[in-house]
Amino acid sequence: QILTTTIDRVGARAGSILIAEEERDSLYFRSAKGDASEALTSMRLKTGQGIAGFVAMTGEIVRVERADD
């Protein structure tokens, strides 16, 4: 419900919540909503990989118009 509310409030078409696993230096998708959500929930990212990995590494907030660009 947190993810759905956040997506609605910011006017996004999709979103995700990732959990950091520091011992593996990776992130996993805890929840995802949008077109590719089913595929994302089985993925892991390395810290620093992609938008979410960048956010995890730097702590900076990032908003993009198109995540696939």
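This passage describes the fold, the surface and charges, and a group of linked residues in a predicted protein model.

The structure is a predicted model, in which local features need pLDDT of at least 70 and side-chain atom pairs count only at pLDDT 80 or more, whereas totals for chains, interfaces and linings use all residues. Residues are numbered from 1 along each chain as its sequence is written, and side-chain values use heavy atoms, with hydrogens and water left out.

The protein contains three helices and three strands, where helices (H or I, at least four residues) and strands (E, at least two) are DSSP runs numbered from the N terminus. Read from the N terminus on, these elements follow the order α-β-β-α-β-α. The radius of gyration, taken over C-alpha atoms, is 12 Å, which agrees with the value near 11 Å that a compact globule of 69 residues would have; the globule rule used here is 2.2 Å times the number of residues to the power 0.38. Along the principal axes, the C-alpha atoms fill a box of roughly 35 × 25 × 25 Å. Among the contacts (heavy atoms within 4.5 Å) with a separation of 6 or more, 17% are accounted for by residues 24 or more positions apart.

The accessible surface of the protein, obtained by the Shrake-Rupley method with a 1.4 Å probe and, for residues, with only the protein chains shown counting as cover, comes to about 5500 Å², and 49% of this surface belongs to carbon and sulfur atoms. Of the 69 residues, 14% are buried, a class that means under 20% relative accessible area, with exposed meaning over 50% and partly exposed lying in between (1.4 Å probe, protein chains only). The protein carries 9 positive and 11 negative charges, whose mean positions are 4 Å apart; Lys and Arg count as positive and Asp and Glu as negative, while His and the chain ends are not counted, and the place of a charge is taken as NZ of Lys, CZ of Arg, CG of Asp or CD of Glu.

Two salt bridges are found when a salt bridge is defined as a side-chain nitrogen of Lys or Arg within 4 Å of a carboxyl oxygen of Asp or Glu. In one of them, the side chains of E21 and R44 meet at 2.4 Å, N to O, and this pair links distant parts of the chain, given that E21 is in strand β1 (residues 15-21) and R44 is in strand β3 (residues 44-46), 23 residues apart. E21 also forms a salt bridge with R24, with the closest N and O atoms 3.6 Å apart, and E21, R24 and R44 are thereby linked in a network of salt bridges. E21 counts as buried because its relative accessibility is 16%, whereas R24, at 48%, counts as partly exposed, and R44 is likewise partly exposed, with a relative accessible area of 40%.

The residues around this network include S26, which is placed in strand β2 and counts as buried because its relative accessibility is 6%. Leaving aside neighbours within four places in sequence, S26 is in contact with I19, A20, E21, R44, L45, K46 and T47. The C-alpha atoms of S26 and R44 are 6.6 Å apart in space, although the two residues are 18 residues apart in sequence. A20 lies in strand β1 and is exposed, with a relative accessible area of 51%; when residues up to four places away in sequence are not counted, A20 touches S26 and L27. The C-alpha atoms of A20 and R44, which are 24 residues apart along the chain, are separated by 9.8 Å.

The loop between β1 and β2 (26-33) includes E22, which counts as exposed at 72% relative accessibility. E22 and T47 are 25 residues apart in sequence and 8.8 Å apart in space, C-alpha to C-alpha. D25 is placed in the loop between β1 and β2 as well and is partly exposed, with a relative accessible area of 40%. Phi of D25 is near 50°, which is a positive value in a residue other than glycine.
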